[in-house]
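Subject: Structure handover

Hello,

Here is the structure for your files. My notes on what was found in it come after it.

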Amino acid sequence: MSNLPFKPLQFGDITIDRCVESEGDFFPAAMFFPDSTEAMIDAQRDWLEPHFMKPKSIGGGMLGGIFTYVIRTDRHTILVDTCVGNDKERTMTPNWHMKQTGWLDDLRAMGVAPESVDFVMCTHLHVDHVGWNTQLVDGRWVPTFPNARYIFHKTEYEAWEKSQDNPAMDGCFKDSVLPVVEAGNADLVTSDYAVNDAIWLEPSPGHTPGHVCINLKGGGKHALFTGDSFHHPLQVAYPEWSSAFCSDKQMSADTRHRIVEKLCDTDSYMMAAHFAAPTAGRVVANGDRCKLQVDE
Ligand SMILES: [Zn+2]
């Protein structure tokens with residue numbers, strides 16, 4: 001496991017934190033990245049261990065997590081992606097079925113009351129990014145954050161609305177997306193959407209049809225919340241590796257190449273949805289490839 005915790009980032013008066021639902025072993029690399037080989041993975045181990053991959057002496061597998069970014073500005077509290085959630089029937093993934101975690105209590109312990117959240121932004125509408133959008137109250141799914149605007153990309157929403165029964169959704173459109181729209185709490189937005197001058201979307205299609213990244217700037221710093229454009233830091237070195245769960249593998253790879261090029265050797269932080277602690281890092285050149293460099 002990682003020996004460095006996630007450290008909240010301070011961008012002027014903006015704080016970036018995480019509320020973690022689960023962290024530890026990630027999927028097996030050979031299954032998750034069909035184009036990966038053991039030799040290619042081993043070639044990157046020097047910077048991936050111990051935070052992002054276990055040493056081979058204890059199995060050598062990928063590490064990851066499921067968490068929500070909590071962004072607090074002087075005016076707004078914003079959540080980015082909402083994990084798997086509690087009480088959801090998830091027959092495709094036994095680990096996520098009828099989950100019971102203290103995620104909402106942990107969020108409260110961070111000083112974030114559900115009523116105080118202003119925006120819930122979903123990078124995409126997969127099952128592990130929408131779960132806490134809703135909670136079960138008296139047998140009904142209701143928005144967990146009653147005063148928040150939920151920001152869904154229109155293209156993403158329409159794609160999954162048409163294929164709600166796709167096994168990849170595992171029922172999440174019906175219990176975690178639709179009830180928010182029916183309650184009138186959702187804004188279906190296009191790629192030029194911005195919360196304000198400091199927080200704006202950037203299209204990153206491929207993993208899903210309407211996947212978006214979120215830009216944040218403050219105090220002279222910049223971060224890109226990359227959602228599931230990248231699942232593991234290995235893809236910073238190998239942007240050509242799409243996951244087994246990408247809906248358009250070529251488009252997903254094109255998006256990753258573009259992001260790596262844009263971030264490489266800049267001061268921007270890359271904040272992905274599933275990178276294990278310490279999670280935040282900068283993309284830097286590493287020979288003829290790139291790597292993720294974390295703050296020590
Ligand atoms: Zn995900």
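**The zinc site**

The donors of the zinc ion follow the spacing D-H-x98-D-x45-H along the chain. One pair of donors, His-129 and His-274, ties together parts that are 145 residues apart in sequence, because His-129 lies in helix H5 (residues 127–130) and His-274 in the loop between strand E14 (269–272) and strand E15 (282–286). Please keep in mind throughout that this is a predicted model.

The zinc ion is coordinated at 2.0 to 2.2 Å by Asp-128 (OD), His-129 (NE2), Asp-228 (OD) and His-274 (NE2). The angles that these four donor atoms subtend run from 83 to 163°, which makes the arrangement irregular. For four donors to count as tetrahedral, all angles would have to lie between 85 and 135 degrees. His-129 and His-274 are both buried.

His-274 also turns up among the contacts of Gly-65. Leaving aside neighbours within four places in sequence, Gly-65 is in contact with Ser-22, Glu-23, Ala-273 and His-274. Gly-65 is part of strand E3 (residues 63–72) and counts as buried because its relative accessibility is 4%, where the cut-off for buried is under 20%. Between Gly-65 and Val-195 there are 27 Å in space, C-alpha to C-alpha, and the two are 130 residues apart in sequence.

**Helix H9**

Helix H9 (residues 249–263) has 15 residues, and from its first C-alpha to its last it reaches 21 Å, close to the 21 Å expected at 1.5 Å a residue. Which residues of H9 are buried? They are Ser-252, Ala-253, Thr-255, Arg-256, Ile-259, Val-260 and Leu-263. Seen down the axis of H9, these buried residues fall within an arc of 160°, so they line one face of the helix. As a general point, an α-helix has 3.6 residues a turn, so residues three or four places apart point the same way.

On the other side of H9, Gln-250 and Glu-261 are exposed. The cover over the buried residues of H9 includes strand E12 (212–218), strand E13 (221–227), helix H8 (234–237), E14, E15 and strand E16 (289–293).

**Helix H7 and the E6–E7 hairpin**

In helix H7 (residues 172–182), the buried residues are Cys-172, Phe-173, Asp-175, Ser-176, Val-177, Pro-179 and Val-180. They pack against H5, E6, E7, strand E8 (149–153), helix H6 (154–162) and strand E9 (186–189). H5 is also the helix that holds the zinc donor His-129. After H7 comes Gly-184, with a positive phi near 80°.

E6 and E7, both packed against by H7, form a hairpin with two residues between the strands. Strand E6 (residues 134–137) pairs with strand E7 (residues 140–143) in the antiparallel sense, over four bridges. Opposite Thr-134 stands Pro-143 in E7. Within this hairpin, Asp-138 takes a positive phi near 50°.

**Backbone points to check by eye**

Two cis peptide bonds are on my list.

- The bond from Glu-49 to Pro-50 is cis, with omega near 0°; Pro-50 is found in the loop between H3 and E3.
- The bond that joins Ala-277 and Pro-278 is cis, with omega about 10°; Pro-278 is found in the loop between E14 and E15, as is the zinc donor His-274.

Lys-54 lies in the loop between helix H3 (45–48) and E3. Is Lys-54 buried or exposed? Lys-54 counts as buried because its relative accessibility is 19%, against a cut-off of under 20%. Not counting residues up to four places away in sequence, Lys-54 touches Asp-25, Arg-45, Glu-49, Gly-60, Gly-61 and Leu-63.

Positive phi values also occur in the loop between strand E4 (77–80) and helix H4 (103–109), where Asp-81 is placed. Asp-81 is not a glycine, yet its phi is positive at about 65°; its relative accessible area is 3%, so Asp-81 is buried. Cys-83 is in the loop between E4 and H4 too. Its phi is near 60°, again a positive value in a residue other than glycine, and Cys-83 is buried, with a relative accessible area of 0%.

Regards

Methods. Residues numbered from 1 in each chain as written. Predicted model: local features only at pLDDT ≥ 70, side-chain atom pairs only at ≥ 80, totals over all residues. Heavy atoms only, no water. Pairing = 2+ DSSP bridges. Donors = N, O, S within 2.8 Å, 3.2 Å for Na, K, Ca; no water. Tetrahedral: all angles 85-135°; square planar, octahedral: opposite > 155°, others 65-115°. Buried < 20%, exposed > 50% of the residue type's maximum accessible area, 1.4 Å probe, protein only. Contact = heavy atoms within 4.5 Å. Expected span 1.5 Å × (residues − 1). Arc of directions from axis to C-beta.
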